[in-house]
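Visitor: Hi, I've got a structure open here and I'd like to talk it through. Can you walk me around it?

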Amino acid sequence: MAQEMEKLGGTSEEEDEEEMEMEVKEEDDEDEGGSGSAGAAVMGMTGTPAGEDMGGRYFEQPGGIGGGSGGGEGMMQGGAMRRPRPKEEKERTKLRERHRRAITARILSGLRRHGNYNLRARADINEVIAALAREAGWVVLPDGTTFPSRSSASSSPQAPAATSSVAPAQIQPIRGVSPGGGFRSVEYRPLKGVFTPTAASYDGRSRTAVMMGGHRERMVESSPLAASCTDGVDGKQVTDIPPTQRMPERDFAGTPYVPVYVMLPLGVINMKCELVDPDSLIKQLRILKSVNVDGVMVDCWWGIVEAHASQEYNWHGYKKLFQIVRELKLKLQVVMSFHECGGNIGDDVCIPLPHWIAEIGRSNPDIFFTDGEGRRNPECLSWGIDKERVLRGRTGLEVYFDYMRSFRVEFDEFFEDGIISEIEVGLGPCGELRYPSYPVKHGWRYPGIGEFQKARYSFVVLELSSYSHFTLMHWQNIYFPAFDPEITGHIFDILHGMCYDQYLMKSLRKAAEARGHSFWARGPENAGSYNSRPHETGFFCDGGDYDSYYGRFFLNWYSQVLVDHCDRVLSLAKLAFEGTCIAAKISGIHWWYKTASHAAELTAGFYNPCNRDGYASIASMLKKHGAALNFTCVELRTLDQHEEFPEALADPEGLVWQVLNAAWDVCIPVASENALPCHDRDGYNKILENSKPMHDPDGRHLSAFTYLRLSPDLMERHNFLEFERFVKRMHGKY
């Protein structure tokens, strides 16, 4: 353990103290033998202040401002001569400095040993404070400027000024993360003491050209990321950068009209299929209508409508809700929600799958996805039962189709009147097309890579020609060399290490046999767990098994199962809702996007490493059905993600651009929604940028945007005024 801590910190505690003593000794030597030449030219003959010429510009000073003096010579400061310090005062100063450095050494040693902070041996108190501030959620820039993360920073037009008395702090990652983890889209550049991100400028943040030492021009952003500061670099003094005016925001007047919808609360319909608090809802909907919102989105929960018995549907509450929406002349986007609500971020109600599905799951848990610990996830049904008659005589696909057909018949008048403008088909957890690879209920926390859905199989069935049929119970970790070569026959459901529910395993085994490598019918054994990082696994690390022959085979099968599931369900949705636009929702898994493997996307079913486009095949499949693509996280900025979670190597802007272009390339409609609550102008401006890309030669834009979600926070006066302004800009009014 001690060796590991020495490796993490670079030196041991004893070595820290020795280095501190050597530094103090070096300072003592400098005090005794220092030269007084630094003060010789502090004041010019005309009395011009040090560091400033007749033109008001700063120039290089050999000793810097406030340089030390020695050899009996004093320094002119403010027109007076500083008297030399007595020898006793120097000794007291040395003792105080030794004591201060000893305390610092012990603090650093304790933080490295117990707090897992990656601090260098000679780190000073500024770096300790910076590390603690970052741990508390603050942003600390190299020049010492400190401010809260996004929420406070976005509300302040300019950052607090930093002074030259604050030494630039070394950029430290969050606890225990190697500095080599990399800031890939943001650079900390020490020139002139100004922090300048490499990303493009954003709305509301202006840039000003400033002349600084040597007549070199620098671009400085007037945002919390580049505060006014005075510092010295390369022996030159830098002037304070005055705050600049905000640049005018982009004018959206005359741009294409993008409809804006608002998601209704998750619990607007209760478990008895009754409309909750209709009077308050009507009041809120009227307010939305007053600012020209186009419509609302509502989830039609499978667990409510078909809750108690197979093929017994109760649409009563939804009928009342839809009638209110029609009377207010709003449109409806309806989600066929075949998933569970509750347990994920943002879920404020619990709506499980139908009771009769839960009963089937107790006797046949393989209808659900399973993780590496053998835990079943009842959030949605496994794709493996799409064609298996295990749901009271029906397949998974038949259950989905019967539900959609019942809805279409029940609400025929709303389709005929054009009130229902779109049907979004639920395709997985949270209604998104993905595997349930990062369930919060099973311990996942951002930015974990998630897990392939797999489990240790508890039994193996063998059929041998020279023996009778028999079943071996609880036989795990079977390897082919373990069998007697004299025993011949056909082996069913042989699993090597980790595997999937029996229905997906059947598909994997067929794919492996078709490839000619039966032993590939297994899941990766070195892919880590929910909260692993890519570099901690043998499968996702740079040069890892994800890019091996087996890795490419497995990932292609894993992602193709997802695409095939979507293909089958949308085929039936197109049949049930003929003449109405249908859509599929794609999740925005932006963390680890800056790594080669894109691990979090791979475990979710998107085969999108750096050398492959994993969204093109999905877009092509959607085009086949005339379906729209609905994508999330359009409000997120990459720079904000780096400030809050630099170790996640996230790039939401890059992901959004890739997915939108994959859809636009095949000419399908693209809609979007925000992933997290958004009430600030900065987030709205980012949505506008993605909705209507500037200078796009083809004039491409989103077909619709859905705001997440109607809530008391949105209805607060300040927040709603910002939302109203956003709606007008989406409609192209200004």
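Guide: Sure, let's start with a charge over a ring: Arg522 lies over the face of Tyr550, at 4.4 Å from the ring centre. Keep in mind that this is a predicted model.

Visitor: Which ring does Arg326 lie over?

Guide: That one is Phe414, and Arg326 lies over its face at 4.4 Å from the ring centre.

Visitor: Back up a second. What's the average pLDDT of the protein?

Guide: The average is 76, and 66% of the residues score at least 70. Over residues 30-82 the pLDDT is below 50, and that stretch has 52 contacts in the model beyond near neighbours in sequence. Residues 455-499 also stay under 50, with 77 contacts beyond four places in sequence.

Visitor: Okay, on to the catalytic annotations. Which residues does UniProt list for "active site"?

Guide: The UniProt record, an unreviewed entry, lists Glu432 and Glu673 under "active site". They are spread over 242 residues of sequence but cluster in space, with a largest C-alpha distance of 12.4 Å.

Visitor: Where does Glu432 sit, and what does Glu432 touch?

Guide: Glu432 is in the loop between strand E14 (420-425) and strand E15 (459-464). With 9% relative accessibility, Glu432 counts as buried. Not counting residues up to four places away in sequence, Glu432 touches Leu427, Tyr438, Lys585, Ser587 and Thr632.

Visitor: And Glu673, buried or exposed?

Guide: Buried, at 1% relative accessibility. Glu673 lies in strand E20 (residues 670-673). Leaving out residues up to four places away in sequence, the residues Glu673 touches include Met263, Lys585, Asn630, Thr632 and Phe705.

Visitor: Which side chain does the Glu673 side chain make a polar contact with?

Guide: The side chain of Asn630, at 3.2 Å.

Visitor: Lys585 came up for both glutamates. What annotation covers Lys585?

Guide: In the unreviewed UniProt entry, Lys585 is covered by "binding site", along with Asp299, His339, Asp347, His590, Thr632, Asn674, Ala675 and Arg709. Lys585 lies in strand E18 (residues 581-586), and its 10% relative accessibility makes it count as buried. Setting aside neighbours within four places in sequence, its contacts include Glu432, Asn630, Thr632 and Glu673. So both of the residues listed under "active site" are among the contacts of Lys585, going by the cut-off that heavy atoms lie within 4.5 Å.

Visitor: Arg709 is on that list too. Where does Arg709 lie?

Guide: Arg709 lies in the loop between strand E21 (704-707) and helix H19 (712-715). Its side chain reaches the backbone oxygen of Leu264 at 2.9 Å. Apart from residues up to four places away in sequence, Arg709 touches Val262, Met263, Leu264, Pro265, Leu266 and Leu714.

Visitor: New topic: aromatics. How many aromatic pairs are there?

Guide: The structure holds 48. One of them is Phe369 with Trp383, an edge-to-face pair at 4.8 Å centre to centre and 80° between the planes.

Visitor: Which parts does the Phe369 and Trp383 pair tie together?

Guide: Phe369 lies in strand E12 (residues 368-370) and Trp383 in the loop between strand E13 (376-381) and helix H10 (396-410), so the pair links parts that are 14 residues apart in sequence. Phe369 and Trp383 are both buried.

Visitor: What about Phe554 and Trp557, why is that pair called tilted?

Guide: Their ring centres are 5.8 Å apart and the planes sit at 45°, so the pair is tilted; stacked would need under 30 degrees, and edge-to-face over 60. Phe554 and Trp557 are about one helical turn from each other, because they are 3 residues apart in helix H13 (residues 549-576). Phe554 counts as buried at 0% relative accessibility, and Trp557 counts as buried at 7%.

Visitor: Anything else in H13? Which backbone oxygens does the Ser559 side chain reach?

Guide: Ser559 lies in helix H13, and its side chain reaches the backbone oxygen of Leu555 at 2.9 Å. The side chain of Ser559 also reaches the backbone oxygen of Asn556, at 3.2 Å. At 7% relative accessibility, Ser559 counts as buried. Beyond residues up to four places away in sequence, Ser559 touches Gly605 and Tyr607.

Terms used
Residues numbered from 1 in each chain as written. Heavy atoms only, no water. Phe/Tyr/Trp six-rings, centres within 6.5 Å; stacked < 30°, edge-to-face > 60°. Helix = DSSP H or I, 4+ residues; strand = E, 2+ residues; numbered from the N terminus. Buried < 20%, exposed > 50% of the residue type's maximum accessible area, 1.4 Å probe, protein only. Lys NZ or Arg CZ within 6 Å of the ring centre and 35° of its normal. UniProt positions renumbered as here; feature names shortened; annotations may be inferred. Polar contact = N/O pair within 3.5 Å; in protein donor to acceptor, adjacent residues only side chain to side chain. pLDDT = per-residue confidence, 0-100.
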